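Me: I would like to learn how to read a protein structure step by step, beginning with the strands and then moving on to single residues and pockets. Could you take me through it slowly?

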Amino acid sequence: MKRFLSILIILSLLFIFIGCSDNQDDVSDTSDNSINTTESDSKVSFGKDNLDILFSDPGKYKESKIEFTGLVFTSPEKDEDGTYLQVYADPENLEKNILVGIEDPNFQVKQDDYVKVTGVVKDVAEGENVFGAELMAPLVLADKIEVVDYITAVSPTLKTIDINESVDQHGFEITLEKIELAENETRVYIKAKNGTNEDVSLWEHSAKLIQDSKQYESEYNYEANYPELQSDLSPGIETEGIISFKPIDENIKKSKFIIEGSSDNYDIEINPFSFEFEMD
């Protein structure tokens, strides 16, 4: 254990030096390569809601338990003793840099993965960023690290509205499976099937959510890497995906989702696919 922690501290200095050139919130090595080794004054269990307390004085909370999700933003380091990561505990704003080590040299993780970390605060690295500001990064010894998706790490579902309704026009069928409400977005889960004998097109950019007199346009979430609907469907092809919108008002009872499409058979008319749903 002592050897592992020593390696984590040494590698943290390398992580810090690499990270500071890209983001002013990261930490860089001090001139004397110092690590704060003050004994802990207090033990607190840290999670998403109170990480600001930890970052106010990381050296004060050694041996405190911690659980958080975040974004791995440098290439992980490995040796015979373990795997070492630099993680943003606030991935949406690319802030709260935490240095994480786990005693597992075979743990599979890569840069830009989202991870859930459970462990103990063991130390703190102190330094300056490229602008000369003093910064501190907690060093965490992980008991467990789990690679998770964007939704788990950044946009947890607050409410799910199960719908599972389909609209079929001449064999071109769209199914609205469910809608998820999150703090920072609304997610619409869609399936489409071309049961016709001609090519059809589905226009994801036309998707809208309507509540009373307010209309929400679809927004591409570059960070989430959600599955995308195929736009051009040959006969017999099925596709499914997630369309993202700004957060909608869950206090408005009735809402509507609309998406448009077309068929290469100009003898038939494809109207907008429309779905009404309620929040309850």
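**Reading strands, residues and pockets**

Reply: Let us begin with pairing, keeping in mind that this is a predicted model. Strands β9 and β10 (residues 186-194) are paired in the antiparallel sense, and nine bridges are found over this pairing. Within it, Ile 174 has Ala 192 in β10 as its bridge partner, and the two strands form a hairpin with three residues between them.

Me: Which strand is joined to β9 by ten bridges, and in which sense do the two run?

Reply: That strand is β8 (residues 157-169), which runs antiparallel to β9. Here Thr 157 stands opposite Ala 182 in β9. The hairpin of β8 and β9 has two residues between the strands, and in this hairpin His 170 takes a positive phi near 60°.

Me: How many of the eleven residues of β9 are buried?

Reply: A residue is called buried when its relative accessible area is under 20%. In β9 (residues 172-182), nine of the eleven residues are buried, so the strand is largely enclosed by the rest of the structure.

Me: What are the two faces of strand β16, and which residues lie on each?

Reply: In β16 (residues 273-278), Phe 273, Phe 275 and Phe 277 make up the covered face, while Ser 274, Glu 276 and Glu 278 make up the uncovered one. This strand pairs with β15 (residues 254-263) in the antiparallel sense over six bridges, and Ser 274 in β16 is the bridge partner of Ile 258.

Me: Now for single residues: is Asn 50 buried or exposed?

Reply: The cut-off for buried is again under 20% relative accessible area, and Asn 50 counts as buried because its relative accessibility is 19%. This residue lies in the loop between β1 (35-36) and α2. Leaving aside residues up to four places away in sequence, Asn 50 touches Val 44 and Ser 45, and its side chain reaches the backbone oxygen of Ser 45 at 3.1 Å.

Me: And is Asp 49 buried or exposed?

Reply: A residue counts as exposed when its relative accessible area is over 50%, and Asp 49, with 79%, is therefore exposed. Asp 49 is found in the loop between β1 and α2. Distance along the chain and distance in space are separate readings: Asp 49 and Phe 68 are 19 residues apart in sequence, and their C-alpha atoms are 9.6 Å apart in space.

Me: Let us turn to pockets. What is the volume of the largest pocket, and how many residues line it?

Reply: The volume of the largest pocket is about 480 Å³, and 21 residues line it, of which Lys 48, Thr 69, Ala 89, Ala 153 and Val 154 lie nearest its centre. To see where a lining comes from, one looks at the elements that supply it: α2 (51-56), β2 (65-72), β4 (83-90) and α3 (150-153) each give at least two residues, and β2 provides the largest share, three residues. By character, the lining divides into nine nonpolar, four polar and eight charged residues.

Me: How can I read the second largest pocket, and which residues lie nearest its centre?

Reply: The same headings serve here. The second largest pocket holds about 230 Å³ of space, and its lining has 15 residues, of which Glu 92, Tyr 150, Asn 184, Glu 185 and Asn 221 lie nearest the centre. This lining divides into seven nonpolar, three polar and five charged residues.

Methods:
Residues numbered from 1 in each chain as written. Predicted model: local features only at pLDDT ≥ 70, side-chain atom pairs only at ≥ 80, totals over all residues. Heavy atoms only, no water. 1 Å grid on protein atoms, 1.4 Å probe; cavity = no way out; pocket = protein on both sides within 12 Å on 5 of 7 lines; lining within 4 Å. Points joined across faces, edges and corners; volume = space filled by probe spheres on them. Helix = DSSP H or I, 4+ residues; strand = E, 2+ residues; numbered from the N terminus. Nonpolar A, V, L, I, M, F, W, Y, C, P; charged D, E, K, R; others polar. Buried < 20%, exposed > 50% of the residue type's maximum accessible area, 1.4 Å probe, protein only. Polar contact = N/O pair within 3.5 Å; in protein donor to acceptor, adjacent residues only side chain to side chain. Contact = heavy atoms within 4.5 Å. Pairing = 2+ DSSP bridges.
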